[in-house]
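This report covers helix packing, burial and a few backbone details. The sequence and the coordinates come first.

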Amino acid sequence: MDFEEQTGDVLDDAIYARTRAVEERLDVDILVSDQAWDANLSAIRAQIMSGDDVYDICFNEVKQLVLGFEPGMFVDVNTIDEINLDMPWWNRPAIDSINIGQTIYYLFGDLHLMLYECYSPIVYNRSLAAELGIEDLYDTVIAGDWTLDLMHECMTASTADLNGDTRVDAEDRFGISIHSHIIPSFFTAGDAFLVTMDGDNMPQYDGISDRFLSIYEKLSSGMLSDKSSVFSTSTSGSGSLGNSDESMYNIFLVGRAMFYVDPLGSIKRMRDADFEVGILPLPKFDESQEEYLSHLHGFASAMIIPSTNADLELTGTVLENLCAESYRTVKPVYFDKTLDFKYAKDERSTEMLDIIFENGNFDIGVTYGWGGLSDAIVSAVQAGNSNLMSAVASLESKFIDEMNEAIEAYK
């Protein structure tokens, strides 16, 4: 968010210069208080209950904010004329996909770069793909033909019992390394959601759609349920590659996984790979899908304005200036210096990143976690359960009840 002085790092210094420029322009002092994510919301709640005006704005993981929301806590941004959400420094698709109804409490803009760290791309071993005769997947993406079925084919072609012991273990080569919390991303990428939004931006659940079910069947019938092709922390010998998180990306770094899927902030660690790394958007459901879609994870930092804020006009002016200045001076540095070419050693990665960032959405049913339905679907995928409807039937009424409670809270 800010630095007390310049550090010599190009991104740090861009953030520092951004903040000082706005301070000078508006004759204000901008003070930042860094707190742990679990202490952050508590501090805001305590401020609201006491009626104090300590913090003008707050950032926290959007999943924590929506779970902790109570009526009267936050300011509806629609009431602040100085904030123009139609300007390019605000991420309107992300804002619209997480707020309920016509009120807007949760903001995403270029002031805070964490949102970009929470897009879900795929990295792949381009060297291994070439060795196995797999077509250039960058060309496939541009042609619009990067689909779930093709990704599964690549995974199958990459899977191998390298040590010849006929057992699945961490010495083998896998089609993919993936955490369970990434699995909902494939539904978002395939344009299939648990919840749709009506004309008033109110969530509605109409059951599991045919499209959602088709994607589920692809994932659960082998693509993400085949233990010989999917590396996870339960894979025998995974501990030899480090702790749970480390093993997931280390299997990729040592060249024994074709694909690795994680939020962009984690994938940047791949800059140390000693083979050629490529970056791809998540696959479409099929070739008829018009656009590639990106899933936004619930730990993206959203901005809220506490209801105790005593000067909304000044706050709106400062925020609009900070976001605009970030758009002009910080975001280009982030894209050009922090992402491009440091971990993806091919200039075409820039084109892939543009596609990844073009359409990012939260799945509101996943982020709000209503009824535990999304978690149950993930478990069913991993177990290879062929009957999704029976797996979720007992949770649907709870999902609807909790969704309706949220709708009432945001009215």
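A residue counts as buried when its relative accessible area is under 20%, and as exposed when that value is over 50%. The model is predicted.

By the first cut-off Asn201 is buried, because its relative accessible area is 18%. Asn201 lies in the loop between strand 4 (196-197) and strand 5 (203-204). Its phi is near 60°, a positive value in a residue other than glycine. Asp27 also departs from the glycine rule, with a positive phi of about 55°. Asp27 sits in the loop between helix 1 (10-26) and helix 2 (37-50), and at 70% relative accessibility Asp27 counts as exposed. As background, most residues other than glycine have a negative phi.

A further loop residue is Thr235, placed between strand 6 and helix 11 (244-253). Thr235 is buried, with a relative accessible area of 9%. Leaving aside residues up to four places away in sequence, Thr235 touches Val168, Asp169, Ala170, Phe174 and Val230.

**Helix 10 and its surroundings**

Helix 10 has 14 residues. From its first C-alpha to its last, helix 10 reaches 19 Å, close to the 20 Å expected at 1.5 Å a residue. Its buried residues are Phe212, Ile215, Tyr216, Leu219, Ser220, Gly222 and Met223. The elements that cover them include helix 8, helix 9 (184-189), strand 6 (230-231), helix 16 (373-383) and helix 17 (388-410).

The table gives the packing geometry of three helix pairs.

| Helix pair | Angle | Distance between axes |
|---|---|---|
| Helix 8 and helix 10 | about 5° | 11 Å |
| Helix 10 and helix 16 | about 40° | 8 Å |
| Helix 16 and helix 17 | about 170° | 9 Å |

How do helix 8 and helix 10 run relative to each other? Given their angle of about 5°, helix 8 and helix 10 are roughly parallel. On the helix 8 side of the contact are Leu148, Asp149, Met151, His152 and Met155, which meet Ile215, Lys218, Leu219, Gly222 and Met223 in helix 10. By class, this contact of helix 8 with helix 10 has six nonpolar, two polar and two charged residues.

Helix 10 packs against helix 16 at about 40°, which makes helix 10 oblique to helix 16. Phe212, Tyr216, Leu219 and Ser220 of helix 10 meet Ile377, Ala380 and Val381 of helix 16. The contact of helix 10 with helix 16 has six nonpolar residues, one polar residue and no charged residues. Leu219 is listed in the contact with helix 8 and also in the contact with helix 16.

**Helix 16 with helix 17**

With an angle of about 170°, helix 16 and helix 17 are roughly antiparallel. Helix 16 brings Leu373, Ala376, Ile377 and Ala380 to the contact, and helix 17 brings Leu388, Ala391, Val392, Leu395 and Phe399. What classes of residue make up the contact of helix 16 with helix 17? It has nine nonpolar residues, no polar residues and no charged residues.

**Nonpolar core**

The largest nonpolar core has 134 residues, of which Tyr106, Phe186, Phe259 and Ile377 touch the most other members. Helix 13 (residues 312-339) gives the most to this core, with nine residues. Ile377, one of the four named core members, takes part in the contact of helix 16 with helix 10 and in that of helix 16 with helix 17.

Terms used:
Residues numbered from 1 in each chain as written. Predicted model: local features only at pLDDT ≥ 70, side-chain atom pairs only at ≥ 80, totals over all residues. Heavy atoms only, no water. Axes fitted to C-alpha atoms, helices over the stretch in contact; angles between N-to-C directions. Helix = DSSP H or I, 4+ residues; strand = E, 2+ residues; numbered from the N terminus. Parallel < 35°, antiparallel > 145°, perpendicular 65-115°, else oblique. Contact = heavy atoms within 4.5 Å. Nonpolar A, V, L, I, M, F, W, Y, C, P; charged D, E, K, R; others polar. Core = buried A, V, L, I, M, F, W, Y, C linked by side-chain atoms within 4.5 Å. Buried < 20%, exposed > 50% of the residue type's maximum accessible area, 1.4 Å probe, protein only. Expected span 1.5 Å × (residues − 1).
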